[in-house]
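Let's walk through some helix packing and a ligand site, question by question. Have the model open as you read.

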Amino acid sequence: MSNNTVTLNFSDGREPIELPVLDSSMGNPVIDIRMLAAHGIYTLDAGFTSTASCESGITFIDGDEGLLSHRGYDIEDLAYKSDFIEVCYLLLYGELPTAAQKHAFESSIRHHSMVHDQVVNVFRGFRRDAHPMALMIGVTGAMSAFYPDAHDVFDPAVRDLAAHRLLAKVPTVAAWAHKYNLGEPFMYPQHRLGYAANFLYMMQATPCENYEVNPVLARALERIFILHADHEQNASTSTVRLAGSTGATPFACIAAGMASLWGPLHGGANEAVLKMLEEIGDVSKIPEIIERAKDKTNPFRLMGFGHRIYKNFDPRAKVIRETAHEVLNELDMNDDPLFKVALELERIALEDEYFIEKKLYPNVDFYSGIVFRALGIPSSMFTPLFALARTAGWVAQWSEMLSSPGHKIGRPRQRYIGEKMREYVPLEKRTG
Ligand code: SDX
């Protein structure tokens, strides 16, 4: 570790402050500012554009190069060579599993994939037309009442069991949210099926007839789950970390992460992309939508474009675009009009000076809706699928935080810009 430092010099005569600069194992060095509070000064970084909230070894992103890796493995290797259960293991434990480790892990996830039968009643408290994300947040948070043993989060064994339970039960809750919307009976997990195939079964099968999962589609969904598994300290992961830093039960923390992910600027963008593509409808309308996105007086943004970190292609978008081709080909939907609109919109946007200057590229959400729609998944279920996959990253980051030495509750400070101290005015003397 280098002994690099930086010195803060103040023009108001305040004593200079020397701060350590810490190297990272990959990517940017960081200035360790933890001692500043003792000097009576804070830093301000609303939106955390330049602030590292933690030290983590799970995911690395190089936004300029468009690179993403998990525990040192490139996302494209994992997407094309691994499977989701193996990536869950890698995120959680730091290494790719041996065959025996993978078998034991997969067996545990299968074992926990049922939910307590009383959980069915939690669904019944919602209207049938409740958004599936509302159902997922409500039911996942409610499960904290079914597993009181999960409250002792500083016990590694408790954290491990909670992680397995969440990885196993969130797909069941997500699939049942869809069935609840349809008014169809819940389909129970099938231990004979892989992770993505089991999810497709629970979402699409009915008790009336045999349902065979298309292996090509299941493989495509596995790949999409891998691409959505973790992404460093994004808004929803930071939400899980902050909630978890208080020692809150993991089911409540993951429900908080789901709530954060639901926003259209974050995980809700995939649903918004499809609505935007449907609104465009035809390639002839693309110039108009691009002009709207560039108009500073218009709050509209081109959904699925831009990213806080990627100033190059989001490597996940490239893999999902290829997966979209595969799925549409398998389903003989190559002339899918929305896919044509998406490809043309991407081509035109990437040639437009505004998008080039602001380094706005398609992100993970731009193509995922095309694939989900081709898989017969309704747009209201796009963000639930993102939440299902991101549960892998959330539980890994939550566990890493609680196991880190010197763990502290997250408690940011602020720059106060309100009223200075003033005398209380009795009601009868207030003139309004
Ligand atoms: C995800 O953080 C993660 O890692 C998230 C995620 C993950 O895996 O967890 O990758 C998943 O959330 C992907 C992003 C999905 N969201 C969208 O596709 C919504 C559309 N994108 C934007 O809202 C925006 O790009 C964000 C929210 C993604 C990023 O916003 P930033 O980093 O705060 O950037 P910004 O708003 O400061 O934009 C910089 C400039 C602005 O113009 P100026 O004020 O400088 O003139 O670029 C413009 C923005 O107006 N801009 C866009 C735009 N995105 C940014 N203009 C038009 N269309 C867009 N999509």
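**Helix pairs and the ligand**

Q: Which way does helix 11 pass helix 12, left-handed or right-handed?
A: A crossing is left-handed if the near helix is turned anticlockwise from the far one by less than a right angle, and right-handed if clockwise. Helices here are DSSP runs (H or I, at least four residues), numbered from the N terminus. On that basis, helix 11 passes helix 12 in a crossing that is right-handed.

Q: What kind of model is this, and which pLDDT do side-chain atom pairs need?
A: Residues are numbered from 1 along each chain as its sequence is written, and side-chain values use heavy atoms, with hydrogens and water left out. The model is predicted, totals for chains, interfaces and linings use all residues, local features need pLDDT of at least 70, and side-chain atom pairs count only at pLDDT 80 or more.

Q: How are helix 11 and helix 12 oriented to each other?
A: The axes of helix 11 (residues 269-280) and helix 12 (residues 286-294) come within 9 Å and cross at roughly 130°. Axes are lines fitted to C-alpha atoms, for helices over the stretch in contact, and angles run from 0 to 180 degrees between N-to-C directions. Angles under 35 degrees count as roughly parallel, over 145 as roughly antiparallel, 65 to 115 as roughly perpendicular and the rest as oblique. Helix 11 and helix 12 are therefore oblique.

Q: Which residues of helix 12 meet helix 11?
A: Contact means heavy atoms within 4.5 Å. Helix 11 brings Met276, Glu279 and Ile280, and they meet Ile286, Ile289 and Arg292.

Q: How are helix 6 and helix 7 oriented to each other?
A: Helix 6 spans residues 156-182 and helix 7 residues 195-204; their axes come within 8 Å and cross at roughly 25°. Their crossing is right-handed. With that angle, the two helices are therefore roughly parallel.

Q: How are helix 9 and helix 17 oriented to each other?
A: Helix 9 (residues 235-244) packs on helix 17 (residues 382-403) at about 40°, with axes 9 Å apart. This crossing is right-handed. The pair is therefore oblique.

Q: Which residue of helix 17 in the contact with helix 9 also has a polar side-chain atom 2.7 Å from an oxygen atom of the ligand?
A: Ser236, Thr237, Val240, Arg241 and Gly244 of helix 9 meet a set in helix 17 that includes Trp394, Trp398 and Arg390. A polar contact is a pair of N or O atoms within 3.5 Å. The residue with the 2.7 Å approach to a ligand oxygen is Arg390.

Q: Which residue has a backbone N or O atom 2.9 Å from a nitrogen atom of the ligand?
A: On the side-chain front, an N or O atom of His266 is 2.9 Å from a ligand oxygen. The backbone atom 2.9 Å from a ligand nitrogen belongs to Phe305.

Terms used:
A polar contact is a pair of N or O atoms within 3.5 Å; within protein, one must be able to donate a hydrogen and the other to accept it, and residues adjacent in sequence count only if both atoms are side-chain atoms.
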